[in-house]
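Thanks, everyone. I'll take the metal sites, then a few side-chain details. Here is the model.

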Amino acid sequence: MELMYLGTGASEGYPALFCQCDRCIQATELGGKNIRARTGALINSDLLLDFSPDMYMNKLRYKLDLGKVNHLIVTHSHTDHFAAAELMMRHEHWYCHLQESGKRLQIYGNEAVEQAMKSAIRNDYGTDTIENPFYEFHVIQPFVPFTLGEVTVTALPAHHKPDERSFIFLLEQNNTRFLYGNDSGVFSGETFDYLRGKHLDVVSLDCNYGLEDRYDYHMGISGCRIVKERLLEQNSCDARTSFILTHFSHYSAELHDTLVERTADEGFIISYDGMKVSLT
Ligand SMILES: [Zn+2]
Ligand SMILES: [Zn+2]
Ligand SMILES: [Zn+2]
């Protein structure tokens, strides 16, 4: 499985859109790994994890061929993870020319994500239904694996947006396992229980609050530590497992190099936009 982090910032972006705080000013001046777009990842060039409002710039930054993407799995309906208005550009109405004409994007998410897609259609066309829809929507259920190409996906309950069923995802391919763990605070017992006895090769965690002690809805380093220790205790991980932190906010998380310095001795890897991970 090949994984690329497209964005590693929280919902405001890092630096944030309008913010004049010291971190945002420094991040703008320093550039490089301090620039974090809204969150998402690309798996094997045809599977997207979330669709952020920065997807257009991601296409340019990484020369992505988004026409190749067949599947989009969505964690929850927060607009930094599901920018439905941007997805409308996939419709033939905007002369979206695909080599495989008529190919529909398969979107997997909860009921709130489906409603967000429908409202984007209503906003653009004034109606709930469009001719030749560019997508098919699949409402996913927790703990029920489904297979997309060569990747098996299982949605697990996240501890994040209480008014909807937000998910984290377990991705499996050729006996390798990747846990995409945001947005979420410390996982619930049922999520830990499902992972018991499954060896995870890479675990990606929501470290929105950087070095702060936070556990709910998003985590800081102490929450990530709790998740790591619990996964180790229950043999879901071992010394070979990589723990990657992501989804950093400008209001709590330090600049990239500081995060690296302060977490390296605990074995955490600080993600950055464009970072690639290969699971073999
Ligand atoms: Zn988020
Ligand atoms: Zn700021
Ligand atoms: Zn969220």
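Start with sequence spacing. The donor residues of the zinc ion (ligand 2) run C-x1-C-x2-C-x225-H along the chain. This is a predicted model, so please hear every value as computed from it. The residues behind that pattern are Cys-19, Cys-21, Cys-24 and His-250. The cysteines bind through SG and the histidine through ND1, at 2.1 to 2.3 Å.

What geometry does the site of the zinc ion (ligand 2) have? It is tetrahedral, with angles of 101 to 124° among the four donor atoms. For reference, the ideal angle for four tetrahedral donors is 109.5 degrees.

How accessible are the cysteines? Cys-19 counts as partly exposed because its relative accessibility is 28%. Cys-21 is partly exposed too, at 25%. The cut-off for buried is under 20%.

Next, the zinc ion (ligand 3). Its donors are His-76 (NE2), His-78 (ND1), His-160 (NE2) and Asp-183 (OD). Distances run from 2.1 to 2.4 Å. In sequence, the spacing is H-x1-H-x81-H-x22-D.

Which label fits the geometry at the zinc ion (ligand 3)? Irregular: the angles among its four donor atoms span 91 to 167°. A tetrahedral call needs all angles between 85 and 135 degrees, so the upper end rules that out.

There is also a neighbour. Asp-183 bridges the zinc ion (ligand 3) and the zinc ion (ligand 1). The two ions lie 3.5 Å apart.

Now take two of the ligand 3 donors, His-78 and His-160. This pair links distant parts of the chain, 82 residues apart. His-78 sits in the loop between β4 (71-73) and α3 (84-87). His-160 sits in the loop between β8 (151-157) and β9 (167-173). Buried or exposed? His-160 is buried, at 8% relative accessible area. His-78, at 30%, counts as partly exposed.

On to rings. How many aromatic pairs does the structure hold? Eight. I'll show two. Phe-167 and Phe-169 have ring centres 6.5 Å apart and planes at 45°, so that pair is tilted. Phe-167 is buried at 2% relative accessibility, and Phe-169 is buried at 0%.

The other pair is Phe-187 with Phe-192. Their centres are 5.5 Å apart and their planes again meet at 45°, so this pair is tilted as well. Both partners are buried: Phe-187 at 5%, Phe-192 at 2%.

Two lysines also engage rings. The charged end of Lys-33 sits over the ring of Tyr-272, 4.3 Å from its centre. For Lys-228, the charged end sits over the ring of Phe-268, 4.8 Å from the centre.

Last stop, Thr-39. Where is Thr-39 found? In the loop between α1 (22-30) and β2 (40-43). Thr-39 counts as buried because its relative accessibility is 1%. Its contacts beyond four places in sequence include Asp-50, Asp-80, His-81, Tyr-180 and His-247. Gly-7, Thr-8 and Gly-9 are also among them. One of these contacts is polar: the side chain of Thr-39 reaches the backbone oxygen of Gly-9 at 2.6 Å. Tyr-125 is another matter. It lies 86 residues from Thr-39 along the chain, and the C-alpha atoms are separated by 28 Å.

That's the tour. I'll take questions.

Technical notes
Residues are numbered from 1 along each chain as its sequence is written. Chains are lettered from A and ligands numbered from 1 in the order in which they are written. This is a predicted model: local features need pLDDT of at least 70, side-chain atom pairs count only at pLDDT 80 or more; totals for chains, interfaces and linings use all residues. Side-chain values use heavy atoms; hydrogens and water are left out. Donors are N, O and S atoms within 2.8 Å of the metal (3.2 Å for Na, K and Ca); water is not among the atoms, so sites may look incomplete. Four donors count as tetrahedral if all angles lie between 85 and 135 degrees; four count as square planar and six as octahedral if opposite donors are over 155 degrees apart and all others between 65 and 115; anything else is irregular. Helices (H or I, at least four residues) and strands (E, at least two) are DSSP runs, numbered from the N terminus. Buried means under 20% relative accessible area, exposed over 50%, partly exposed in between (1.4 Å probe, protein chains only). Rings of Phe, Tyr and Trp (its six-membered ring) pair if their centres lie within 6.5 Å; planes under 30 degrees apart count as stacked, over 60 as edge-to-face and the rest as tilted. A charge sits over a ring if NZ of Lys or CZ of Arg is within 6 Å of the ring centre and within 35 degrees of the ring normal. Contact means heavy atoms within 4.5 Å. A polar contact is a pair of N or O atoms within 3.5 Å; within protein, one must be able to donate a hydrogen and the other to accept it, and residues adjacent in sequence count only if both atoms are side-chain atoms.
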